[in-house]
Structures are given as structure tokens and as C-alpha cells.
Amino acid sequence: MLLFHQRPSVCLSPQGLLNDTTVGIFRDGGTLRLRRATVRRCPLSPNAFLLALCPHRLQELDASWASGGLTGAAIVSGLASNPECRSSLQRLSLDGLRLDWESLVEDAGTRVGFSSLRGLRTLKLANTDLSDAALADVCSLPHLESLDISCSGVSNLSPLLDCKNTLRHLIAHRLQRLHMAPSGLTFVLRQLDALRHLDFSEDHVAEDDGSGEDVNEAVRQLLEGGPDLLPSLVSLDISGQKKISEAAVRTFVETRGGLVFLGLLATGTSTCDILSTKKNLKVTGAANEDQVCEALRRYRDRQCFVREALVHLYNLIADTDKPRPDILKLVLAAMQSHRSSLHVHVIATACVFSLTTQDLAEAMPLSLLGAAVAQLLHAMKTFPNHQQVQKNCLLALCSEHILQEVPFDKSVCFFPISNLTNEQLLAIVQQKAMVGALDSSLKFALTALWNLTDEMPSAGRSFIECRGLELYQEVLESYYGEPSIQQKILGLLNNLAEVQELQPDLLDEDLLEHVLSLLQDTQLDMEVRYFAGGILAQLASRPQAWTLSDELLGTILGQLHAAIPTWTPIGREMVSYRSFQPFCPLLQSSQPPGVQLWAVWAIHLVCSHNSKRQNKRSNTVLPCSPSTPFPDWEPSLNVNCLYCSVALLQHAGEGGCG
């Protein structure tokens with residue numbers, strides 16, 4: 001809610017703060033002079049509205065979908081009680097309200113109604129119980145220019161003749177109760193000479209009960225009627241209308257030289273060849289990306305059209321290799337507008353995944369990715385039992401770039417995975433690996449298994465019992481040139497190697513020799529070599545449990561000691577640790593130097609990328625010397641110094657290495 005002292009315009013934006021109590025601050029009309037007010041979706045009672053807003057000389061009011069008992073009748077009568085409002089109010093939005101028209105009473109011998117607000121130019125009454133009598137009252141307004149009666153109870157449009165000289169915009173989307181013969185409807189339209197925009201669109205997925213046949217026929221007559229019918233028309237929306245032919249569309253476009261917009265979504269005619277020849281004509285349809293995006297922009301509040309446009313959008317972007325932040329914004333806006341619609345979210349979440357997969361996410365602004373994550377998490381919370389929505393969201397959230405760069409609670413990504421067993425996830429891995437696939441489903445399954453076994457010995461045991469080790473060894477060898485796959489596999493093996501009771505299962509000579517080759521290969525990514533070293537260091541740290549040859553153990557220790565000092569820093573965080581516990585046993589004085597080196601390098605890596613380890617109370621830098629005593633409080637560390645990392649570990653170790 002924004003307040004500007006003695007400014008001509010104030011917008012009340014519903015942020016959950018505006019109610020009967022807080023709106024009372026506007027009762028003093030001498031201090032705060034409101035001209036524009038928005039109480040959209042706010043819980044206001046009729047009395048609070050009357051006392052706080054009606055005393056002001058309002059020019060615009062949006063009370064659409066307001067709750068708290070506020071009705072259209074209460075709003076109109078309240079505004080009409082202020083003589084200044086009767087002439088000053090120009091724009092009024094009451095979409096989604098119960099008008100309760102019959103409750104309006106006489107005021108000094110004159111019935112209070114919309115006609116009392118003589119200054120009205122724009123009136124929005126979509127999704128209301130607007131009756132024919134109320135429409136007649138509306139159409140008596142002397143300056144009415146724009147009227148929205150979509151999804152209302154109107155059955156006859158003849159009252160529009162009373163405002164034929166002023167009405168320029170008529171929005172009549174899905175008038176289910178309209179009962180006028182095509183000839184009668186066409187008769188009314190023929191006299192609206194000032195009309196520039198007409199919307200006679202229809203919900204194409206609604207049950208066909210025959211109620212739209214008359215409108216459909218009237219639309220056909222309009223398309224074929226020539227420029228003498230609605231001569232000022234430059235914008236026509238007939239999306240969702242059935243039985244519209246391309247020939248009729250072609251005739252209409254050819255005879256309307258000034259046409260700037262034509263709505264043809266879900267009519268089957270948006271591929272009409274003449275449309276591509278009109279460079280200044282905007283079209284909603286399914287023929288190309290421009291038409292689909294135009295539909296998402298114009299129909300944001302219409303669920304039927306949003307869903308239709310998203311379906312076509314998904315087909316258009318399924319194989320895209322170009323970052324499209326503009327389209328992602330449109331998809332997120334659709335999700336925001338229809339937060340409880342399963343139909344919208346099933347396809348919208350699939351679109352988000354397609355737009356953020358692989359390298360596409362890296363080219364997106366982080367703020368936009370953050371907005372996408374917020375919408376995905378909301379979808380997972382809203383539709384917890386819908387498998388496809390959950391799958392789409394998880395696939396998108398498991399993008400490596402999103403997990404690493406977008407700040408959010410990563411654990412949320414994996415709470416629905418409890419419905420997936422190790423067998424199911426391993427089956428996905430096996431199925432993809434058999435055909436050499438390298439797609440998001442494979443990466444998702446590997447990431448899920450990696451996270452499920454993190455500090456979860458029981459999950460690790462289940463993984464082993466499901467013959468996961470054998471499968472992972474095969475995949476590790478077959479995807480030797482794919483670091484993203486290798487990293488996820490080695491990450492899980494690291495989780496297993498950290499658990500003493502699982503270590504014997506990892507003591508397989510072929511497996512360890514392959515891991516050793518990864519450690520030694522200087523051409524591989526540092527992330528791969530890091531995890532390979534971690535597995536070997538953990539297993540070599542307990543010689544009493546070693547069951548393989550002493551020669552192999554000696555080779556492993558020697559290679560750790562030789563390779564780690566040559567490693568170069570990793571420029572980004574690749575793995576998170578809850579504590580230093582995995583490293584503590586490896587730093588004991590009895591451990592071989594190669595094992596200790598890996599632990600020190602790992603701690604250094606964690607400290608280099610974990611800002612929470614930086615002290616905010618001092619700019620002091622701990623001198624880089626192994627003899628420097630560690631103070632009682634955690635100082636700002638020189639994260640480029642290994643000694644600082646060791647000092648931090650020692651300090652944590654005094655408290656149990658937590």
C-alpha cells in the first residue's frame with residue numbers, strides 16, 4: 001500500500017495489509033485527498049468502504065473481487081452519496097462482485113444506480129450478476145466509452161443502443177445467457193457506429209450447449225458484412241468462436257484497412273495467409289510464436305485462453321536452444337494469475353522446464369530465475385499429489401545452474417522424492433544409460449539419488465542392496481567424457497564412503513582402480529578429480545578395514561599425495577556440507593599425508609565458497625601462519641590460505657567438529 005501526502009493519485013495495492021482497520025487512515029479527507037484507489041481483492045465491509053473512501057472526490061476505483069461483504073450495490077450507493085463523486089468518477093471496476101442490484105433504493109425520489117455516477121466513462125462488470133435491467137441503467141450514462149460485461153447474466157444487448165454515440169469499447173466475452181436472434185444482434189451492432197473495439201470471444205473448452213450459436217452466426221455476418229457494418233472498428237476479438245472460416249476472416253481483413261488487432265485463438269483460422277501480409281496487425285492465434293505470445297499478453301486473466309496458448313507455446317519451444325527470458329516472463333505471469341489452476345500449471349511448469357534446461361538457465365537474469373523458482377515451489381505446494389506437476393517442477397529445479405546460483409531452500413526440491421524408491425530411480429538411470437542418453441531425466445535421477453544418500457546410511461544401504469554399485473560402475477565407465485554425469489556418480493559414492501559400515505561394499509578392485517584413474521587424469525574437470533580423491537581418501541583412512549592388496553593401498557596413498565598439491569582452485573561452489581564431520585577423522589596425526597592433504601584441500605574449498613564462515617564483526621585477517629593461535633571468536637579468514645582452513649577445522653574440532 002503506497003501513500004502520498006496530498007498528491008492527486010493514491011493506489012491502494014492489496015498486500016494483505018488493507019482491511020477494515022487499516023483503511024480507516026483515509027477517513028480524514030482534508031489530509032489525504034484520494035483520486036485513484038485500488039482495493040482489489042481486499043476484505044472490506046460496506047461500512048468501512050463508505051466511511052473511508054466515499055468522502056473523497058475519486059476519479060478511479062478498482063474494487064474487483066473485493067471480499068468482506070462488499071457488493072456492487074453498496075459501492076454504487078456509497079459513491080453516489082457524495083455529490084462530488086457523482087461527477088468526478090470516470091473509471092469503475094467491479095469485476096467478480098455480486099452486484100445485488102435489487103437492493104439499491106430510492107434517494108430523494110430518484111433511484112440510486114450506475115446512472116447516478118454521471119461522469120463514468122469506463123465500467124467493468126465482468127463475472128457479475130449483471131441483469132438486463134441493470135444494463136439498461138448502465139447504458140443511460142451520457143459519457144460511457146468502455147464497457148466490459150463478460151461472463152455476466154445479460155440476455156439482451158438492445159440497451160446498448162442508448163449509448164451508441166459514445167461507446168467505443170465493448171467486451172462481451174462468453175455471454176452464456178445471451179438470447180438474441182442473429183438478426184437482432186446484428187441490428188444492434190449495425191448502429192454502434194462509434195465502436196472501435198469489439199470482443200465477442202468464447203470459451204472454446206466449455207460444454208457446447210448450443211447457447212453460442214446465435215453469437216457465432218452474428219460474428220460470421222459481421223466478418224462478411226463489409227466496412228459499413230461497424231465502420232469505426234479497428235480491433236475485433238473472436239477467439240474461441242467455432243465454425244469461423246478462413247474465407248470469412250480473409251474477407252474481413254481485406255475490407256478493413258485500419259485494422260490493428262484480430263483475436264483468432266482456438267478458431268482454427270490463425271494460419272490464414274492474408275494475416276502474414278499485414279505488418280501492423282497484431283493477431284492472437286497458434287500459427288507462430290508472435291501469435292501465441294500475443295495471446296499470453298492479452299488473455300492473462302482468461303484461464304481457457306492461457307491454457308490454450310501455453311499448449312501451443314510448449315510445442316514451439318520444445319527444442320529451443322536460444323535463451324528466451326521474454327517468454328519465461330509471460331509463462332510466470334500466467335502462473336501468477338492462475339495460482340490455483342491445475343490445467344494451467346501442468347503445461348506451464350513444463351514450459352518453465354523447457355526454457356531453463358541445460359545452458360539456457362545460465363543466460364537468464366538471476367532475478368527472473370528466482371521468480372521462476374518461487375512459482376515452481378508454489379506449484380509443488382499447491383498440487384502435492386499431482387505426479388506430472390511434481391515431476392515438471394523437480395526437473396526444472398534440479399538444473400545445476402539453478403541449484404548453484406539461485407538462493408532458495410534446496411531441501412524443498414527433494415521432499416516429494418520419498419514417493420520414488422531407489423529401485424525406480426535406478427531403473428531410470430539404467431534405462432537411459434542403455435541407450436547412451438544424456439538428458440535431464442538421467443541427470444535428475446542421479447541428482448536425486450545423490451541427495452537421498454547424503455548423511456543417510458539407511459538410504460545408502462538400500463542403494464547397495466538394489467545393486468546400485470554395479471550399475472554406477474558401468475555408467476561411470478560408459479560416460480567417461482561427461483563430467484556432469486561423473487560428478488553426480490562420484491558424489492554419491494562419496495556419501496557411501498563417508499559411512500564406515502558401508503565402506504566394505506566399496507572395496508572392489510576394479511571400481512577403485514577406475515576411480516584412481518580419474519584422480520590421475522589431469523585432463524578431467526577438477527570437480528571429478530576432487531570427488532575421486534574423496535572416495536579414495538575415505539577408504540584409505542582405515543587400514544584396519546582394508547581387504548584389498550597392500551600394493552593398491554600404497555598406490556592410492558602415493559597418488560593422493562602427488563596429485564592434490566597440483567590441483568587448481570575451483571571457481572564455484574559444487575557441493576554443500578552441513579558440517580566438517582566428514583573431514584575430522586582424516587586429519588588425525590595417524591593418517592597418511594595423502595589422506596590429510598585431501599581433507600585440508602576440501603576444507604579450503606568449503607571455506608572459499610561458504611560466506612557464512614566469514615565473520616561480520618571484524619575486518620581482521622588471521623595471519624597465515626600455522627603457529628598463529630586461533631581466537632575464541634571466528635575471525636575473517638583468508639580463504640586463499642590452507643593454514644586458515646586448517647585453523648578453522650581445529651577450532652570447530654574443539655567443539656566436536658560440528
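The following legends describe close-up views of a predicted model.

**View 1. Overall content of the protein.** The predicted protein holds 25 helices and twelve strands. Of its 658 residues, 52% are buried. Among contacts with a separation of 6 or more, 65% join residues that lie 24 or more positions apart. The exposed surface of the protein comes to about 29400 Å², and carbon and sulfur atoms supply 49% of that area.

**View 2. The open sheet of ten strands.** The strand order is β1-β2-β3-β6-β7-β8-β9-β10-β11-β12, and the pairing is parallel. The edges are taken by β1 (36-38) and β12 (282-284); each has a single partner strand, so one side of each is left without a neighbour in the sheet. On average, and with direction ignored, neighbouring strands of the sheet are turned by 5° against each other.

**View 3. The β1 edge and its partner.** Strand β2 covers residues 60-62 and pairs with β1 in the parallel sense, over three bridges. Within this pairing, Thr 38 stands opposite Asp 62 of β2. Strands in a sheet pair through backbone hydrogen bonds, in either a parallel or an antiparallel manner.

**View 4. Packing of helices α10 and α12.** Helix α10 spans residues 325-337 and helix α12 spans residues 366-382; their axes lie 10 Å apart and make an angle of about 30°. Angles under 35 degrees count as roughly parallel, and α10 is therefore roughly parallel to α12. The crossing of α10 past α12 is left-handed. On the α10 side the contact involves Pro 325, Leu 328, Lys 329, Leu 332, Met 335 and Gln 336. Their counterparts in α12 are Leu 368, Ala 371, Ala 372 and Gln 375. An α-helix has 3.6 residues a turn, so residues three or four places apart point the same way.

**View 5. Helix α13 and its buried residues.** Helix α13 runs over residues 387-397, and eight of its eleven residues are buried, so the helix is largely enclosed by the rest of the structure. The buried residues are Val 389, Gln 390, Asn 392, Cys 393, Leu 394, Leu 395, Ala 396 and Leu 397.

**View 6. Surroundings of Ala 74.** Ala 74 belongs to helix α2, which comprises residues 72-80. Once neighbours within four places in sequence are left aside, Ala 74 is in contact with Pro 46 and Phe 49. Leu 50 is 24 residues from Ala 74 along the chain, and the C-alpha atoms of the two are separated by 8.2 Å.

Definitions and conventions:
Residues are numbered from 1 along each chain as its sequence is written. This is a predicted model: local features need pLDDT of at least 70, side-chain atom pairs count only at pLDDT 80 or more; totals for chains, interfaces and linings use all residues. Side-chain values use heavy atoms; hydrogens and water are left out. Two strands pair if DSSP finds at least two bridges between them. Helices (H or I, at least four residues) and strands (E, at least two) are DSSP runs, numbered from the N terminus. Axes are lines fitted to C-alpha atoms, for helices over the stretch in contact, and angles run from 0 to 180 degrees between N-to-C directions. Buried means under 20% relative accessible area, exposed over 50%, partly exposed in between (1.4 Å probe, protein chains only). Contact means heavy atoms within 4.5 Å. Accessible areas come from the Shrake-Rupley method with a 1.4 Å probe; for residues, only the protein chains shown count as cover. Angles under 35 degrees count as roughly parallel, over 145 as roughly antiparallel, 65 to 115 as roughly perpendicular and the rest as oblique. A crossing is left-handed if the near helix is turned anticlockwise from the far one by less than a right angle, and right-handed if clockwise.
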